[in-house]
Amino acid sequence: MGFLDIDNATKSYGSVEVLHKVDISVQEGEFLVLVGPSGCGKSTLLNMIAGLEEITSGEIRIKDQVMNGVHPSNRNIAMVFQSYALYPNMTVGQNITFGLEMHGVPKPEREKAMAEVAKLLQIEQLLDRKPGQLSGGQRQRVAMGRALVREPDVFLFDEPLSNLDAKLRVDMRTEIKKLHQNLGTTIVYVTHDQIEAMTLSSRIAVMNGGYVQQLGTPQEIYDTPANIFVATFMGSPAMNVLPAKVVMLNGRPHAEVALFDGSMAQLPFSQDNLSHWDGRDILLGIRPETITDMDGADRKSSNIATMTNRIVVTEPAGSDTFVSMQLGGRDVIARMRSDAEVAPGQDFTFAVNMEKAVAFDPETENRIQG
Amino acid sequence: MSQASQDTAIRTGRVARTLIYLVLLLFALFYLLPLYVMLVNSVKPLEEITGGGMMNLPQVFTLEPWFKAWSSAQIGVDPTGLKPYFWNSIKMVVPAVIVSTVLGALNGYVLTKWRFKYDTILFGLMLFACFIPFQIVLIPMARMLGIIGLAGTTWGLALVHVVYGIGFTTLYFRNYYAVFPTELIRAAQIDGAGFFQIFWRILLPSSGPIAVVSIIWQFTNIWNDFLFGASFADANSQPMTVALNNLVQSSTGVKEYNVHFAGAILAAMPTLLVYIVAGRYFVRGLMAGSVKG
Amino acid sequence: MAASADADFKTRLQNWIPKLVLSPSLAMMLVFVYGFILFSVYLSFTDSRILPTFGWVGWENYDKLWRLSHWETSLINMGIFAGLYIVICTCIGLGLAIFLDQKIRGEGLLRPIYLYPMALSFIVTGTAWKWFLDPGIGLENVMHTWGWTSFEFDWIKNRDYAIYTVVLAAVWQTSGFVMAMFLAGLRGIDNEILRAAQMDGASNWNLYRRIIIPQLRPAFLSAFVILSHLAIKTFDLVIALTGGGPGRATELPATFMYSYTFTRNQMGIGAASATIMLMTIAAIMIPYLYAELREKR
């Protein structure tokens, strides 16, 4: 039993099932991120936890209490909305204490709680202003203050950073992470931004098409994606996925891929179990940062393969230089150090960290388990 | 110069512009003329009018027709002037406007923020009710008012106007609340606010603009109504429009045009005032309400 | 949110309150609108005279109705009136809106002048125009005193032309409102599209004909719906302006229904005419409302 249990939760509108038997158990103090493209069901799931949408079948429990049919205000949750949802006619102070007022908390206690939260979030000087007079970042803080003041069991965040500009988003991300570390609260956080998901979470549920595609720590999700969807959704630039064939060389499975001129390169796998796939087609997944020049190769890796391929385009991006090439008939991106000496049209020897390479079954698109 | 025409992006030549101004002014004249005629002739003695010169400014200025129209002109059987009917209209309009606006606001709130199955069909039924020719309800309504004991009363008329005004007020508030962020309602629900608390504390404080539209619309429509007044009111509860028509159409005695004009302006005064004071908001809101359906 | 069986009290309460709040309006609407419509339609098949009676006569009232020359006059008048009223209001409204949209100095003054007639009662409008058009003291007289002695304008007293004076007064009252609708539409058009068209070398005429006016489709539709239902409902204006005369020359279905029901004591026929009016409006409104509410979902 976890702190928050989502047990076989299903949601249908009429005959259309939009969420299929979701099972997630969240521990106390955990930071769970639901991530996925729009329409994947993540917001629906969050609203079901909040009680804003009814659960069609299955159960949602908080602290072992079944929450089905319980009014949102009686679930001891708090929510931060994408638009912040600050009441425009109330001051910041009134916004923060409205929930306490509705729950019949006496005024002196409300004032005290408000003062504490305001201090924590450094918004004391804003308390008498109306939301319309605040900047995006300030509104965000007020929205979090409104959630914090309730001291809820579970915090729900619905894409809270998506209305901020890029720089502020990074700052607020850090702030939310700090807050979580200091307060140790349980958080369920919805976002479509995979970087947010990676940086904030203690666990991630990647969702698509109403299914949880994979549930795991950020590292698990990144290194051992369950399928091609997860592999390409998480990480930027996306993981390269290209057709390859498993061949046995010296008793070891290799991935045979076509270079730009049609000649073949053999890259040795670290996973021995791929020998079952001898002679069969697979889809090979290689993250861009695992294709480098020789000097940039990961020194801790025990399996660096090399191949010589022609560079098509180079894109210097300051900290890195992205190099694209033809591999397995696809455009493949490599992420190199910025001082790597590369030029378009050049035949270049790449180092590929095959320890990090993954193989997918082309039929099911699932990762071939190691 | 290119900055100057930012707003429309359309440029017109000098001749075209002169023509445009000319046309616009001519139409302004067209719209103002009847009002001008009523105004000047309401402060002339009767002989001056019958002597011709409808467009002329008064040679003798008199407020006598106004006093007569207000307090002593013959309407129906009694020489009461329009005064009692003016108050009848007020007594009918005020409760009808308030009740229909409050109901419209609540309906709009329910139909946008507490949606349920078939709510669109219900709203469609309400909306269609705005557009029915009221002739279709005259006969049964007269019966109904008799049955519930409100026949020939101001309260009866107020009830009729509430019933047939709800469709419009609901339409206004529904369209307004439809773009009101639903996340605010959800936040308030999580905060523990109930149905009426959300309405009272969150929605209503932001409803000023649409309330103005609804009130002006209802006020104008109900004040200007003639059909219901003529059908359901008795001599003591007639509204202003019916009384004015009686005054103007009365076939006995000399036609006192100046008194008629003064009476017509008196009947138009409240709605004109409302229009002058708050017309801008009204048009703005009406556009949002009716064009976008 | 529908309440599930295991919902707590607050959830269930919050599910019922909205429906409770809606129910008075709903009940009123069902009784006073739809109930009454059924009642009137039923009456149109009965032998009701002064008071509603319930002797079933089938289609007799409709039969009689269609044979009354009086009804025919009111329908012909309706056709003339509605056709001209809608077309003229739309043209004036669109024209004024386009002109006002040319960065006109004094727009703030002109707009309320165009719009104020909308705030008046049709009774007031009728009264004003009645005297303004009266050949004895109105426009004709004024022209005569100004020296144009051959000027003749006695339409309001002329059986063949009186209906056009109703059109005139009705246009005066509502064309400003139509202008406001089109103006709102014009102001809503994206200026970048217009600039692009100008770059393409479109003249002003072509800009309006090919780019702008086609984009005003929703405003045209709304104007048509509002004007047509106003036209069918027109009653007070005729009462105040012409009293349905001279003779019966300006009778409309609405005044026909009123006089047959309340002064001629032919309630059955009155109800039949009201039913036909309702059907006409329904034929226009139902598709419109259906489309409007459809696309909102």
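This report describes two helices and a set of aromatic and charge–ring pairs in a predicted model.

## Basis of the description

Local features are given only where pLDDT is at least 70 and side-chain atom pairs only at pLDDT 80 or more, whereas totals for chains, interfaces and linings use all residues. Residues are numbered from 1 along each chain as its sequence is written, chains are lettered from A and ligands numbered from 1 in the order in which they are written, and side-chain values use heavy atoms, with hydrogens and water left out.

## Helix α3 of chain A

Helices (H or I, at least four residues) and strands (E, at least two) are DSSP runs, numbered from the N terminus. Helix α3(A) comprises the 15 residues 107-121, and its end C-alpha atoms are 21 Å apart, in agreement with the 21 Å expected at 1.5 Å a residue, where the expected span is 1.5 Å times one less than the number of residues.

Arg110(A), Ala113(A), Met114(A), Val117(A), Ala118(A) and Leu121(A) are buried in this helix, buried meaning under 20% relative accessible area, exposed over 50%, and partly exposed in between (1.4 Å probe, protein chains only). Seen down the axis of α3(A), its buried residues fall within an arc of 135°, so they line one face of the helix; the arc is that of the directions from the helix axis to the C-beta atoms. On the other side, Pro108(A), Glu109(A), Lys112(A) and Lys119(A) are exposed. Gln122(A), which follows α3(A), has a positive phi, near 55°.

## Helix α5 of chain C

Helix α5(C) consists of the twelve residues 122-133. Eleven of these twelve residues are buried, so the helix is largely enclosed by the rest of the structure; among them are Trp129(C), Trp131(C) and Phe132(C).

## Aromatic pairs

Over all chains, a search of the whole structure finds 53 aromatic pairs, counted when ring centres of Phe, Tyr and Trp (its six-membered ring) lie within 6.5 Å, with planes under 30 degrees apart taken as stacked, over 60 as edge-to-face and the rest as tilted. The rings of Phe31(A) and Tyr189(A) have centres 5.6 Å apart and planes at 45°, so the pair is tilted. This pair links distant parts of the chain, with Phe31(A) in strand β3 and Tyr189(A) in strand β8, 158 residues apart, and both residues are buried.

Phe27(B) and Phe30(B), with ring centres 6.2 Å apart and planes at 90°, form an edge-to-face pair. Ring pairs also join both residues into a cluster that includes Trp129(C) and Phe132(C).
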